[in-house]
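Colleague: Hey, have you got a minute to walk me through this one? I'm new to it and would like to start with how some of the helices pack.

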Amino acid sequence: MTGPFRPLTGKYARSVVLAELARLWEQAAHRAAADGRTITQKQLAKAAQVPETTMSSWATGAALPRDLDQLVAVGEVLAGWAGEKPSTGVVWDQRLRTDRDAQRTLAPAASADAEPGRPLEQVADPFLLEVHRPIEVDVPGTETLPVLPPYVPRAHDEHLARVVARAAGGVSAMAVLVGTSSTGKTRACWEALAALREQGEWRLWHPFDPTRPEAALADLKRVGPRTVVWLNELQLYLLDVPGDLGERVAAALRTLLADPGRAPVLVLGTLWPQYWDDLTRTAGAPDRHAQARLLLTGGDIPVESGFIGASQEALRQAAAVDPRLGKALANASDGEVTQYLAGVAELLARYRNAPPVARAVIEVAMDARRLGHRLGLPHALLETAAPGYLSDTEWNLAGEDWLEQALAYTAAPCKGVLGPVTRLRPRRGRPHTGLGAPPAASRGDAAAGGPLYRLADYLDQHGRRHRHDSLPPGEFWDAVATYAHSGDLTTLGNAAEERSLLLEAARLYKRAVPNDGYAALRLVGILRNVHPADHRPAAWTVARTCLNAPASVAMLVGALRRAGADEQVTALAQRAAAHVFLNDPYAVAELLDALRQAGAHDQVAVLLARSPATHASLNDPLSVAILLDALRQAGAHDQVAVLLARSPATHASLDNPYAVAELLGALRRTKADEQATMLLARSPATRVSLNDPDSVAELLEALDRNGADEQVIVLSQRAVAHVPLDNAFFITELLGVLREMKVDDQVAVLLARSPAAHASLNDPNSVAELLDALREMEADDQVAVLLARSPAAHASLNDPNSVAELLASSFRGEFRRT
């Protein structure tokens, strides 16, 4: 380096952008020297409001600018210091394009090998991205119609366009369209790609081979800038997957979105509402979707089922020129035009009018899916369960080939779309695993090696809605206990237990015990309630329980201890201490605590002798923090030293602000000041996600406790400009922390974004707290905005105490005005 922005070697040594920045810097430094002053990169970063780490990466030639707005801001400051007229954004963008073209020319093959996906301009078939095929109509001229009917935008398209614009502007973003089946979620994502096609230089990657989660996990680390990650039916990546594969995919996506070196990327996904709820609902231990919840929170875009307002007139105009839309508009009920286009009306008619045996097969598929079986339903499961859905007369009238007839009926297409229940056909040379290989073989998995069948999405949705209170017959439970995929047994057992079918639940849990420690916990709980003094079931379970999830094993140790099953506690503690996996620091910490509480000190020593600190993954700072505290409380100071020697501060992911705050706290409690300093040196304030204002507030407090004043300023500036404003409680917490730190300018910026206009009104207690906070800081205009939205009319009435708080807050406001 001969000076800032002038790398002598490296891939950016001939960068046009860096050369212009270097010229401006040298001219500015010359003018400053003439006045007896000096300029620094820190001054430039502050004046341009660009993070110092970003400025350093440009100045050293480690990276090219990716955010055009940041580049323009730096250019304007330098031009002002140099006494020149600043270049426009268009000029800077052209320079960036020149640099990118040069990089592609130098290493086109390496770039293609390094990054998954295809150039977006080559992605021309919407059906390869799983957009529903429209219905077919029998009218003249249909052969000249485009593959898709004209698109009519709705409210969710505006929201999605803003997310896409953020990505086009250089900021990584994620959007998940949440709506019921066939409401146009995937089509909306397809249409949103147009803006990126127009911008150019974007890629699209749709991971699905050999299975969706396996493909995603294998290549997410190779995703580069300007990539759209297409995750249609996101539950197939995060929810309906074996083991912890979904959580690992979610963690990898969070890492990608938080990595400034790979920005911008755009992650697009679709989900049904119940899947969104399953993935984002706070659950008790073990928390099976912690990573997914952090990934998804704040990124949902609701999709209405029909057309309302201005979109209705646009729909009528489009229907006048496309007979498919015309037919859908004329025949759809409740404005559900997209559903009709996807063949929904014909699917429902096929179900309503099905012969008894075909209807039975469809309802078996509905019940299996709504109670927790994965997408691929084994032929043997359908065959075994369906007779239970038929009356004696219907069964006697069914021929010997009843199942073949039923499956032929359900497989027939419905006006160009797939029928109610259709066979899943693996591609030639590729085995069909359903959705990921199970932990161990079972009869159900052997059956899954044969034909698998899929229930049509809309009928899946219909079954969840209309068969919610239906109790499947005994033949259904026999079938799933024998033929269900082993990875789904625990979920099916939960469904049986929730319906008080304890015998069926116990059968399912018993089969799941070798593969799932949580199933062992549930089985012991059921049998203990039936026979409290009989510890033989616990002994059987302890001898066979799966040890690959230490957190579940820890919970089982606790349950056995509370039941007085001391022999079983000892037996399980001995197995667990000697054999559990040690890669999950959170789970190992939970097991350590459970063993200590059970008085299993010898087993604690055995577990510590295996050196969990050597094996623990260091990626998740929250888990590492919990393990550090657990080791410290167990007096395992040598293990604490081993863990710190592996430098968790340099390996920890920095996307979750709460997790970073917890790691900082744990490092302080273990007096690991050097590690805390190294963690702060990585500038978490510039890298953490801003989706959760409450977590941001936690990190602000942790940074303040560690004396990281500059990072407090950087994070507060980022937070007030970008955090979501929909959660009244979290915004109140963030406002409180900002006021405590006396960063009044940032409080003003946050209030200028009008959180009162955006906060959800569902929780009266949170709204009351926000009202009180706004009054306390005399933000009377925001108080007026919030009250004008009539929170009393929107508040949930389920919690009387919260309603009382909202009423009290409203009365306090009235008293103050008088």
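Colleague: Which residues of helix 37 and helix 38 meet?

Modeller: This is a predicted model, so keep that in mind throughout. On the helix 37 side you have Val 660, Leu 663, Leu 664 and Leu 667, and they meet Gln 675, Ala 676, Leu 679 and Leu 680 of helix 38.

Colleague: How many of those are nonpolar, polar and charged?

Modeller: Seven are nonpolar and one is polar, with no charged residue in that contact.

Colleague: And what angle do helix 37 and helix 38 pack at?

Modeller: About 155 degrees, with the axes 8 Å apart. Angles over 145 degrees count as roughly antiparallel, so that is the label for helix 37 and helix 38. Their crossing is left-handed.

Colleague: OK, over to helix 17 and helix 23. At what angle do their axes cross?

Modeller: Roughly 60 degrees, and the axes come within 10 Å. Helix 17 covers residues 344-352 and helix 23 covers residues 457-466.

Colleague: Why are helix 17 and helix 23 called oblique?

Modeller: Roughly parallel is for angles under 35 degrees, and roughly perpendicular starts at 65. A crossing at roughly 60 degrees fits neither, so helix 17 and helix 23 are oblique to each other.

Colleague: Is the crossing of helix 17 and helix 23 left-handed or right-handed?

Modeller: Right-handed. In the contact itself, Val 344, Leu 347, Leu 348 and Tyr 351 from helix 17 meet Tyr 458, Leu 459 and His 462 from helix 23. Six of these residues are nonpolar, one is polar and none is charged.

Colleague: What about helix 2 and helix 4, how do their axes cross?

Modeller: At roughly 120 degrees, coming within 9 Å. Helix 2 (residues 41-48) passes helix 4 (residues 68-82) in a right-handed crossing.

Colleague: Which residues meet there?

Modeller: Helix 2 brings Gln 43, Leu 44, Ala 47 and Ala 48, while helix 4 brings Ala 73, Val 74, Val 77, Leu 78 and Trp 81. That contact has eight nonpolar residues, one polar and no charged.

Colleague: Changing topic: how many disulfides does the structure hold?

Modeller: Zero.

Colleague: And Cys 189 and Cys 546, buried or exposed?

Modeller: Cys 189 has 1% relative accessibility, so it counts as buried. Cys 546 is buried as well, because its relative accessible area is 8%. The cut-off for buried is under 20%.

Colleague: Let's look at the backbone. Which peptide bonds are cis?

Modeller: One is the bond from Asp 209 to Pro 210, with omega near 10 degrees. Pro 210 sits in the loop between strand 3 and helix 9. Another is the bond from Ala 263 to Pro 264, where omega is near 0 degrees. Pro 264 is in the loop between helix 11 and strand 5.

Colleague: Why point those out?

Modeller: Because most peptide bonds are trans, and likewise most residues other than glycine have a negative phi.

Colleague: So where is a positive phi found outside glycine?

Modeller: Glu 130 is one of the places, with phi near 75 degrees. Glu 130 lies in the loop between strand 1 and helix 7. Glu 201 also has a positive phi, of about 70 degrees, and is in the loop between helix 8 and strand 3.

Colleague: How accessible are Glu 130 and Glu 201?

Modeller: Glu 130 is at 25% relative accessibility, so it counts as partly exposed. Glu 201 is partly exposed too, with a relative accessible area of 23%.

Notes
Residues numbered from 1 in each chain as written. Predicted model: local features only at pLDDT ≥ 70, side-chain atom pairs only at ≥ 80, totals over all residues. Heavy atoms only, no water. Axes fitted to C-alpha atoms, helices over the stretch in contact; angles between N-to-C directions. Helix = DSSP H or I, 4+ residues; strand = E, 2+ residues; numbered from the N terminus. Parallel < 35°, antiparallel > 145°, perpendicular 65-115°, else oblique. Left-handed = near helix turned anticlockwise from the far one by under 90°. Contact = heavy atoms within 4.5 Å. Nonpolar A, V, L, I, M, F, W, Y, C, P; charged D, E, K, R; others polar. Disulfide = S-S within 2.5 Å. Buried < 20%, exposed > 50% of the residue type's maximum accessible area, 1.4 Å probe, protein only.
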